[in-house]
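Work through the exercises below with the structure open. Try each task before reading its solution.

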Amino acid sequence: MAHILIVDDEINIRKVVREYAEFEEYEVTEASNGMEAVNLCRENDYDIIIMDVMMPRLDGYSACKEIRKSKNIPVIMLSARGEEYDKLFGFEIGVDDYVVKPFSPKELMARVKAVLKRNSAQNGAVQQDKYVYEGLEVNISGREVYVNGERASMTPKEYDLLFYLVKNKNIALSRDKLLEEVWGYDFFGDDRTVDTHIKMLRNSLGEYRKYIVTLRGMGYKFEVL
């Protein structure tokens, strides 16, 4: 049984989400602000967090970044603001999905299932691959990337995207294919998500961004000679 942490300062939202989550037979813990969520995550393990952005004491983005310092727990962010900037910022700090209020509790549960499924598949996959391209070292089994000897700091999805590109080097990959394989076939999003993460990944790789080639009108490939 998956354990969900619901973080929102609005008690009615927590109540509704809890009701639907428990109907799906999830174990549920609640927090009313970001600081409480951080403290709970220091003491307990959760399978996924559903967290509001705007909260007293500590906002959702700051809480997510603090939690990610010690634990890699999937996060679905809730927000009354649906601007692209807010979504992109969420993805940059490693948020797994983004839901705009008002939302359908049934759709939220579908997103929870999708994120849990992707996370379980990624954690269960055993990889024994290490690749070196000039000063770029990619260790898939250890989930580590080094750029000129320094360990790169990337979001979980940047790692997943790079690993998939490297494992399929010199193969043209469409945006739809990347969405299906990296985010999951049941991901609720569009191909702009791929472009955003490719941009973030290129920034993380510095001079070795040259290996990620854009295929106009199609997608990307990790190109090595």
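## Exercise 1: Two packed helices

Helix H2 (residues 34-43) packs with helix H3 (residues 60-68) at an angle of about 15°, and their axes are 9 Å apart. The model is a predicted one.

**Task.** Classify how H2 and H3 run relative to each other, give the handedness of the crossing of H2 and H3, and list the residues of H2 and H3 that meet.

**Solution.**

1. Start with the two descriptors. A pair of packed helices is described by the angle between the axes and the distance between them.
2. Apply the cut-off. Angles under 35 degrees count as roughly parallel. The angle here is about 15°. H2 and H3 are therefore roughly parallel to each other.
3. Add the handedness. H2 and H3 make a right-handed crossing.
4. List the contact residues. H2 contributes Gly34, Ala37, Val38, Cys41 and Arg42, and H3 contributes Ala63, Glu66 and Ile67.
5. Sort them by class. The contact of H2 with H3 has five nonpolar residues, one polar and two charged.

## Exercise 2: An aromatic pair

**Task.** Say how many aromatic pairs the whole structure holds. Then classify the pair of tyrosine 133 and phenylalanine 222 from the angle of their planes.

**Solution.**

1. Count first. Searching the whole structure gives six aromatic pairs.
2. Take the geometry. The ring centres of tyrosine 133 and phenylalanine 222 are 5.3 Å apart, and their planes are at 55°.
3. Apply the cut-offs. Planes under 30 degrees apart count as stacked, and over 60 as edge-to-face. The planes of tyrosine 133 and phenylalanine 222 are at 55°, so the pair is tilted.
4. Place the partners. Tyrosine 133 is in strand S6 (residues 130-133), and phenylalanine 222 is in strand S12 (residues 219-222). They are 89 residues apart, so the pair links distant parts of the chain.
5. Check burial. Tyrosine 133 and phenylalanine 222 are both buried.
6. Widen the view. Tyr133 and Phe222 form one aromatic cluster with Tyr131, Tyr208 and Tyr211.

## Exercise 3: Two charged residues

**Task.** Are aspartate 97 and arginine 14 buried or exposed?

**Solution.**

1. Note the cut-off. Buried means under 20% relative accessible area.
2. Take aspartate 97, in strand S5 (residues 97-100). Its relative accessibility is 4%, so aspartate 97 counts as buried.
3. Look across the sequence. Methionine 77 is 20 residues from aspartate 97, yet their C-alpha atoms are 6.3 Å apart.
4. Take arginine 14, in helix H1 (residues 11-23). Its relative accessibility is 11%, so arginine 14 also counts as buried.
5. List its contacts. Beyond neighbours within four places in sequence, arginine 14 touches Ile6, Asp8, Asp9, Glu30, Ala31 and Ser32.

Key:
Residues numbered from 1 in each chain as written. Predicted model: local features only at pLDDT ≥ 70, side-chain atom pairs only at ≥ 80, totals over all residues. Heavy atoms only, no water. Axes fitted to C-alpha atoms, helices over the stretch in contact; angles between N-to-C directions. Helix = DSSP H or I, 4+ residues; strand = E, 2+ residues; numbered from the N terminus. Parallel < 35°, antiparallel > 145°, perpendicular 65-115°, else oblique. Left-handed = near helix turned anticlockwise from the far one by under 90°. Contact = heavy atoms within 4.5 Å. Nonpolar A, V, L, I, M, F, W, Y, C, P; charged D, E, K, R; others polar. Phe/Tyr/Trp six-rings, centres within 6.5 Å; stacked < 30°, edge-to-face > 60°. Buried < 20%, exposed > 50% of the residue type's maximum accessible area, 1.4 Å probe, protein only.
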